[in-house]
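Here's an informal walk through the model shown below, going from sheets to the chain contact and then to a few backbone oddities.

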Amino acid sequence: MIDFVLPSLGADMDVAKLNCWLVKPGDTVHKGQIIAEVETDKAVLEVECWDEGVVEELVLAPGPTRLPVGTLLARIRPLEGAQPRPSPRVPTVEEAVTAQPTRPAPRHGVPSPPVRHLAHQLGVDTARVAGSGPAGEITREDVRRAAEPVIGREQRVKASPLARRLARETGVDLGIVPASGLAGLVTAKDVRAMEQVTPAPPDLPVETTEPEGRSETMRRAIARSMAHSKREIPHYYLANHIDLDRALRWLTAQNEERPISGRILPAALLLKATALALRGTPDLNGHWVDDGFRPSDAVHLGVAISLREGGLVAPAIHDADRLSLEEMMASLRDLVNRARSWRLRSSEMSDPTITVTNLGERGVETAFPVIIPPQVAIVGFGRVVDMPVAIDGQPAVHPVVHATLAGDHRVTDGHRGGLFLDALDRLLQEPEAL
Amino acid sequence: MTDVLTQTRTITYREAVREAIREAMQQDDRVFLMGEDVGRYGGCYAVSKGLLEEFGPERVRDTPLSEAAFVGAGIGAALGGMRPIVEVMTVNFSLLALDQIVNNAALYLHMSGGQFNVPLVIRMATGAGRQVGAQHSHSLEGWYAHIPGIRVVTPATVEDARWMLPTALSDPDPVIIFEHSGLYNSEGELPEPGAPVDIVSSRVRQAGSDVSLITYGGSLPKALAAAEDLATVGVSAEVLDLRVLRPLDTEAILASVGATHHAVIIDEGWKTAGISAEIAACIAEQAVWELDAPIRRVCSAEVPIPYARHMEEAALPQVSAIVAAAREIVG
C-alpha cells in the first residue's frame, strides 16, 4: 500500500487545507494525475499523484483544518507489477524539518493492553504506528500522535497566553512565529522578535473577503521566507549590462512572421538564456538542504509573478533548459494566467531550482533580488533601456538590460557568479541559437 | 534616608517570638500564654523559656494534653474579655482542636449576628526538615486558609516573628500564626526601634524581573537562595513573601506576575488541593494574559514526610528544584 501524504508545496509552507478530492475510492490513478486540490497560504494548488494504482481509501475529508505537511491523505493500492517510486522528488528544507511521525513502519509484536485500548478508542491501527519506546514498543504517545490527523484535530499553535495577547495586539500570526519556549511554546519574546521582522499595523480593518484574506496570509508567508533568507543566506550581488541589440532585432524579425497570439516576448528570451547559462555553472542551480548544497540536474526555473491583489508567487517552468522558445513563451503565459487565478500545481510551487525576477515591466532599471530558500541563487532583470555603448571604438545607442545575480556565498563565490553572467551575455548575443 | 538612621540587631527567630510574647504580656494584663509544656518546660521549641518565672503560673499556663479542651478554653477566655495566646505544639496536633477552631472560633461572629467576636491568637509550629517523623512534620496551614472567619499568617523573618504578634493581638477576630519549626534557630537582622507590622499584605523580599518566586514561611529562605543561584545564570528572580495566607494578598501576586510573566510557587504543603493550588488558580483567573509560560509549583512529594534524612530531603522543596523550575519556564 502506498501512503499518499500532503507534499510540501513550497519551501515556506508547512500546512495546507484540503479543499476537495478529484478522485474517489476505487479510481485508478496514474503518475502526474491531479487527484486533489489544496489551499496554502499562497494559492489553491492542484496536487499531483506520484504513483500508479487504485485509490484504496481517502483518509481525510475536505475541510478547513490546516494539515501539516506529511499528513496521510489517502492510501493507494499499487497496480500489479508496478513499482512504487523509490523516493520522493527533491525534498525541501521544510520537508526535512517536518518529517511526520505518522508514516507507517509496520512492526511485529503486540502493543500492551492499555496501548491497544487507547488505539481502539482513537481508531488507530497499531500495525501502522511506528514505536518510539525503548525497544521500539508502541507507546500511548505514539498512538495519540498517530490519531491526530485521523481525527482531524486542529493543529493548534502552542503559545503562552502573554504571547497570544501580544500577537493579537500587534497583528503577528502566531502560526509563523518560531518557538523558543518550554516544549515548543511560543513566548512573548518570540512574538516580539517576529514583530520586528514583520511590522503589521494593528489598526488595519480585518479583511474578510476571500482574495484579500489570502493575500494577507501570502504577505505573511513572504515575510517568513524573506526574513529567513536575509537571516540565513549570506548574499553576494553581481551585475552586468547586457547589450540586447542583436537579440531584440532578431526577435522582432521572428515575430513579424508570427500571428499576434504567437509572438514571443523578450522575457521568454531572457528566461531561455538564463536556463542555458546555468549549464556552465550548475552550482547556482539547486537547493541548500541539511547544511549542504544539493545540485539539481534539471533546471526548474522559478518565475516571480506579482499578483494583482498584492504579493507574488514564483512557480517553476519545469526543465526550462530543454524548452524551445515557443514552448517557453507558452509556459510563461500559462503560468502567469494560472498564478493570477490562484490555480498553480503543487510541483510548480515546490521545486524551482533557481528563480528569475523581471522587474523591467515595473520600469525599474536594476533589481537586487532576495534568494528564495532553499534555492541558492536568483537572477534579476531590469527594464530594457536605450544606452550609449561603444561598438568597435565608436559610440552607438543600443537597447541594454541590467542583469543581476544574487548568489548564496555558502555555495558559490563571486567568480562563479561572474562566469554565469558572462555566459548569459554570450548566449544573448546569439539569439538564433536559443 | 530612613535606612541610614535605622539600626539593627542580630536575633534568632525564637528570641524574636519570645520578645513579642513578653512585651505583649508586659503591656496588657489581659494577655496570657496557654499550651502544652509552655511553662515549666519552656515550650517544646524553647520559645517561652523564662516566661513562667517572669509572669507566674496564672499567666503562663501548662495545660493537659487535650487540644480541644485548651483551645476551647482559649475561645471562652477571649469571649470573656481576655487576650489569650494559645500555643499548639504543631499543626499536626491542632487537628484535635479543629472543631473548636473551625466550628467555634471562626463562626461565633457570624452566628451571633455580630454580637460576639473572638480575639484569640493561636500559635502553631508547622513544617518538616528536622527528622521528627510524619506525625510532627506536615504543613497543614493551607487547611486553615480555607476557612472564612480566621486570619492565617506565616512570619518568615525575624521582624515578622517579632512584630506580627501585637497586630494579631489587636485584631478583634481569631488569628492563627504559623511558625515554621525550621526557622526557630535562624538568625536575622531586627530593625531598631521596631514597630508592629501589618498582617494584611505580602512583601517583595527581593526584586526581580524575570520570574516570580511566590512563597511563605519556611520556604522563604530556600526561595531567596534559589534567587541568588538564578542570578548567577542571568535570571532575575523576584521573591514574594506572602506573609498572610488568608486573606491572600492577590493584588501583590498579580502585580509581581504581571511584571515578570513567569510564576513559580513554592509551598511545603502538598500540591493537591493545597494553598499553592489556590495561588495558581488566582493567577490563572485574574492574570492569565500575563503568563508567558505555564505556572510551576515546587511542593512536597505527595507522601507522608519520611523520617530518614535523605528521604525527608527528597520529599521537601529544595533550592535546586526551585532553580530548575524557574529556569525551565524562563527558558
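Which strands of chain B does helix H13 lie across? Helix H13 (residues 319-330) of chain B lies across E10, E13 and E14 of chain B, and its direction is at about 165 degrees to that of E14(B). Angles here run from 0 to 180 degrees between N-to-C directions, with axes fitted as lines to C-alpha atoms, for helices over the stretch in contact.

Some housekeeping. This is a predicted model, so local features need pLDDT of at least 70 and side-chain atom pairs count only at pLDDT 80 or more, while totals for chains, interfaces and linings use all residues. Residues are numbered from 1 along each chain as its sequence is written, chains are lettered from A and ligands numbered from 1 in the order in which they are written, and side-chain values use heavy atoms, with hydrogens and water left out. Helices (H or I, at least four residues) and strands (E, at least two) are DSSP runs, numbered from the N terminus.

**The sheet in chain B**

H13(B) lies across strands of an open, five-stranded sheet with the order E9-E11-E10-E13-E14 (chain B) and mixed pairing. Two strands pair if DSSP finds at least two bridges between them. The edges are strand E9 (203-206) and strand E14 (296-300) of chain B, each pairing on one side only. From one strand to the next, the twist averages 25 degrees. Helix H10 (residues 250-260) of chain B also packs on the sheet, touching strand E10 (211-215), E11 and strand E13 (263-270) of chain B. The direction of H10(B) makes about 155 degrees with that of E10(B). Contact, by the way, means heavy atoms within 4.5 Å.

At the E9(B) edge, three bridges join that strand to strand E11 (residues 237-241) of chain B, and the two run antiparallel. One residue to click on is Arg203(B), whose bridge partner in E11(B) is Asp241(B).

**A sheet in chain A**

Over in chain A, four strands make an open sheet in the order E1-E8-E6-E3, with antiparallel pairing. Its edge strands are strand E1 (2-5) and strand E3 (28-29) of chain A. E3(A) is joined to E6(A) by two bridges, and Val29(A) stands opposite Gly53(A) there.

**Where the chains meet**

The contact takes 12 residues from chain A and 11 residues from chain B. About 880 Å² is buried between them, with carbon and sulfur atoms giving 62%; buried area is the accessible area (1.4 Å probe) that two parts lose on being put together, summed over both. On the chain A side, Pro161(A), Leu162(A) and Leu182(A) lose the most area to chain B, together 57% of what that side buries.

There is one salt bridge between chain A and chain B, a salt bridge being a side-chain nitrogen of Lys or Arg within 4 Å of a carboxyl oxygen of Asp or Glu. A search of the whole structure finds 30 over all chains. The table gives the pair between the chains and one from the chain A sheet.

| Salt bridge | Closest N and O atoms |
|---|---|
| Glu290(B) and Arg165(A) | 3.0 Å |
| Glu56(A) and Arg77(A) | 2.8 Å |

Glu56(A) is in strand E6 (residues 53-58) and Arg77(A) in strand E8 (residues 72-78) of chain A, 21 residues apart.

**Backbone oddities and a loop**

Most residues other than glycine have a negative phi, and most peptide bonds are trans. Which residues does a cis peptide bond join in chain B? They are Arg246(B) and Pro247(B), with omega about -5 degrees. Pro247(B) lies in the loop between strand E12 (244-246) and H10 of chain B. Chain A has a cis bond joining Pro373(A) and Pro374(A), with omega about 5 degrees, and Pro374(A) is in the loop between strand E17 (354-358) and strand E18 (377-381) of chain A.

For phi, look at Gln131(B): the angle is near 55 degrees, a positive value in a residue other than glycine. Gln131(B) belongs to the loop between strand E5 (121-126) and helix H7 (141-145) of chain B.

Last stop is Ala304(A), in the loop between strand E12 (301-303) and strand E13 (305-306) of chain A. The C-alpha atoms of Ala304(A) and Thr357(A) are separated by 5.0 Å, with the residues 53 apart along the chain.
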